[in-house]
Amino acid sequence: MTISRTVEKQIRLRIPQEYHQEPVISNLVSKYQVTVNISAAILGANAKGDGWFHLVLSGNSEQVKDALGYLNDLNLEILKQSETDGW
């Protein structure tokens, strides 16, 4: 039996105004099966300009890598990253 190790990646993600109505966080969960904890955010429904999320992504290393690839494919700026291994 192969045990998949849980990886946690903490990121600060800039969300440009054109993505304010897009399901970016929901897609991380549904398409890439990562657990997403939003530890801080600034993004309002009528906000102008960029918003940001401080997220903790959890899953196996492939899921987290694919989720980060998705964010990169959207050209979203990841301002800060740190990684911790779970069990």
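Buried means under 20% relative accessible area, exposed means over 50%, and partly exposed lies in between. Keep those cut-offs in mind for this predicted model. E62, for example, has a relative accessible area of 44%, so E62 is partly exposed. The protein chain has 87 residues, and 32% of them are buried. It holds 2 helices and 4 strands.

**Overall layout**

- Read from the N terminus, the order of elements is β-α-β-β-α-β.
- Many contacts in the protein chain link residues far apart in sequence: among contacts with a separation of 6 or more, 75% join residues 24 or more positions apart.
- The accessible surface of the protein chain is about 5700 Å². Carbon and sulfur atoms account for 47% of that surface.

**Salt bridges**

- Side chains of opposite charge can pair when their charged atoms come close.
- The whole structure contains 3 salt bridges.
- R14 and D50 form one of them, with an N to O distance of 3.8 Å. R14 sits in strand 1 (residues 6–15), while D50 is in the loop between strand 2 (35–42) and strand 3 (51–60). The two residues are 36 residues apart, so this pair links distant parts of the chain.- R14 also pairs with E77, with an N to O distance of 3.0 Å. E77 lies in the loop between helix 2 (61–73) and strand 4 (78–85), and R14 lies in strand 1, so this salt bridge ties together parts that are 63 residues apart in sequence.
- E62 and K65 form a salt bridge too, at 3.5 Å from N to O. Both residues lie in helix 2. They are 3 residues apart, about one turn of the helix.
- Salt bridges that share partners join R14, D50 and E77 into one network.

**How open are the network residues?**

- R14 has a relative accessible area of 31%, so R14 is partly exposed.
- D50 is partly exposed as well, because its relative accessibility is 45%.
- E77 has a relative accessible area of 41%, which means E77 is partly exposed.

**Helix 2**

- Helix 2 has 13 residues. From its first C-alpha to its last, helix 2 reaches 18 Å. That is close to the 18 Å expected at 1.5 Å a residue.
- Which residues of helix 2 are buried? They are V64, A67, L68, Y70 and L71.
- These buried residues cover an arc of only 150° around the axis, so they are on the same side of helix 2.
- An α-helix has 3.6 residues a turn, so residues three or four places apart point the same way.
- K65 and D73 are exposed, on the other side of helix 2.
- At the start of helix 2, a side-chain oxygen of N60 comes to within 3.0 Å of the backbone nitrogen of E62.
- Just after helix 2, N75 takes a positive phi of about 60°.

**L28, a buried residue in helix 1**

- L28 is in helix 1 (residues 24–32).
- Is L28 buried or exposed? Its relative accessible area is 0%, so L28 is buried.
- Leaving aside neighbours within four places in sequence, what does L28 contact? Its contacts are Q33, V34, V36, L55, L57, A67, Y70 and L71.
- Three of those partners, A67, Y70 and L71, are among the buried residues of helix 2.
- L28 and V64 are 36 residues apart along the chain. Their C-alpha atoms are separated by 9.2 Å.

**L55, a buried residue in strand 3**

- L55 lies in strand 3.
- L55 is buried, because its relative accessibility is 0%.
- Leaving aside neighbours within four places in sequence, L55 is in contact with K9, Q10, I11, L13, I25, L28, V36, N37 and I38.
- L28 is therefore one of the contacts of L55, and both residues are buried.
- L55 and N37 are 18 residues apart in sequence. Their C-alpha atoms are 5.6 Å apart in space.

Methods:
Residues numbered from 1 in each chain as written. Predicted model: local features only at pLDDT ≥ 70, side-chain atom pairs only at ≥ 80, totals over all residues. Heavy atoms only, no water. Buried < 20%, exposed > 50% of the residue type's maximum accessible area, 1.4 Å probe, protein only. Contact = heavy atoms within 4.5 Å. Areas by Shrake-Rupley, 256 points an atom, 1.4 Å probe, with all protein chains shown as cover. Salt bridge = Lys/Arg side-chain N within 4 Å of Asp/Glu carboxyl O. Expected span 1.5 Å × (residues − 1). Arc of directions from axis to C-beta. Polar contact = N/O pair within 3.5 Å; in protein donor to acceptor, adjacent residues only side chain to side chain.
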